[in-house]
Amino acid sequence: MRSALVIGASRGIGKQVAITLSRDGYSVGVAAKTEVSQESLPGSFHDVVRDITKEGGVAIPIKCNARKSSDIEDAVTKCIEKFGKLDLAVYNAGAILWKPVIETPLARFDLMHEVNVRGAYTMIQQALPHFLARKSGRIILVSPPIYNRFFKGKTPYSVSKTGMTVLTHGLANELQGTGVSISSLWPATVIKAFVTDQLKTPKSVMRTPDIFADAILKIAEEKSEKLNGLALIDV
């Protein structure tokens with residue numbers, strides 16, 4: 001059975017990715033920070049594991065604070081130990097503040113770097129030796145193609161997210177011919193989530209996370225290296 005780790009999987013995109021992978025036959029490590037669902041922030045990794053197992057799937061809950069490198073390293077290790085191997089690692093954890101430079105305190109800038117680019121880097125470093133030894137493995141980061149329009153009004157956040165995409169482009173060069181590949185994926189439009197409900201985002205400009213999760217699955221199942229190093233949109 002194929003196995004996957006999804007970091008940032010307690011709600012929204014990450015939850016749907018974990019469920020979609022399970023429905024396609026993956027054993028899934030469901031890793032996130034939130035252990036208990038609350039009214040102010042519904043959803044937990046335990047809830048997602050219950051949803052998967054109710055459908056007959058295989059999943060394990062993993063407590064993972066993306067600010068702690070030890071938590072991310074443990075998440076990778078637990079999946080390998082539990083499932084015997086790891087085929088796919090998805091990094092969906094994220095810290096967000098869509099504000100211009102003048103309105104973004106240094107502490108929030110540091111937080112976004114810690115969770116976004118440093119967290120992704122930590123997952124990659126921990127999973128990569130296993131993938132290279134097996135000459136097989138897929139890494140997918142939730143990060144955007146690099147283009148100027150994306151930066152507008154949210155430069156500090158963009159620095160951290162495009163840093164993840166630079167990881168994808170750069171590491172791909174190192175992975176050529178190894179059987180391991182890395183790709184980035186970003187939604188073409190706003191995806192419905194708890195935060196969009198709180199912000200009262202119009203339904204007309206949103207999609208459900210299913211399309212994004214299906215795109216993750218297609219990247220994971222690509223046998224060739226043609227997607228290695230690409231920053232893709234889920235269209």
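S158 is located in helix 6 (residues 155-175), where helices (H or I, at least four residues) and strands (E, at least two) are DSSP runs, numbered from the N terminus. At 1% relative accessibility, S158 is classed as buried; the term buried denotes under 20% relative accessible area, exposed over 50%, and partly exposed the range in between (1.4 Å probe, protein chains only). With neighbours within four places in sequence set aside, the contacts of S158 are F150, F151 and G163, contact being defined as heavy atoms within 4.5 Å. The model is predicted, so that local features require pLDDT of at least 70 and side-chain atom pairs pLDDT 80 or more, whereas totals for chains, interfaces and linings use all residues. Residues are numbered from 1 along each chain as its sequence is written, and side-chain values use heavy atoms, with hydrogens and water left out.

Helix 2 spans residues 45-54, and its buried residues are F45, V48, V49 and I52. Viewed down the axis of helix 2, these residues fall within an arc of 100° and so line one face of the helix; the arc is taken over the directions from the helix axis to the C-beta atoms. An α-helix has 3.6 residues a turn, so residues three or four places apart point the same way. The cover over the buried residues of helix 2 includes helix 1 (12-23), strand 2 (27-32) and strand 3 (59-63). Just after helix 2, G56 adopts a positive phi of about 90°.

Helix 2 is also linked to helix 1 through a salt bridge between the side chains of K15 and D51, with an N to O distance of 3.7 Å. A salt bridge is here a side-chain nitrogen of Lys or Arg within 4 Å of a carboxyl oxygen of Asp or Glu. Because K15 lies in helix 1 and D51 in helix 2, the pair ties together parts that are 36 residues apart in sequence. Both partners are partly exposed, K15 at 30% relative accessibility and D51 with a relative accessible area of 28%.

By this rule the structure contains 10 salt bridges. D87, buried at 14% relative accessibility, takes part in a salt bridge with K85 at 2.5 Å, N to O. D87 also forms a salt bridge with R134, for which the closest N and O atoms are 3.4 Å apart. Since D87 lies in the loop between helix 3 and strand 4 (88-91) and R134 in helix 4, the latter pair ties together parts that are 47 residues apart in sequence. R134 is partly exposed, at 31% relative accessibility. Elsewhere, R2, D24 and E221 are joined into one network by salt bridges that share partners.

A charged residue without a salt bridge is found in helix 3 (residues 69-83), which contains D71. D71 is buried, and the nearest side chain of opposite charge, K68, is 5.0 Å away; for this purpose Lys and Arg count as positive and Asp and Glu as negative, while His and the chain ends are not counted. The side chain of D71 instead reaches the backbone nitrogen of N65 at 2.9 Å. This is a polar contact, that is, a pair of N or O atoms within 3.5 Å; within protein, one must be able to donate a hydrogen and the other to accept it, and residues adjacent in sequence count only if both atoms are side-chain atoms. Apart from neighbours within four places in sequence, D71 is in contact with K63, C64 and N65.

C64 is itself buried, at 3% relative accessibility. The closest cysteine sulfur to that of C64 belongs to C79 and is 9.9 Å away, too far for a bond. C79, with a relative accessible area of 0%, is likewise buried, and is in no disulfide. Across the whole structure, zero disulfides are found, a disulfide being a pair of cysteine sulfur atoms within 2.5 Å.

Two loop positions may also be described. K135 occupies the loop between helix 4 (106-134) and strand 5 (137-142). Although not a glycine, K135 has a positive phi of about 55°, and at 64% relative accessibility this residue is exposed. V36 is found in the loop between strand 2 and helix 2 and is exposed, with a relative accessible area of 56%. Between V36 and S10, the separation is 26 residues in sequence and 9.8 Å in space, C-alpha to C-alpha.
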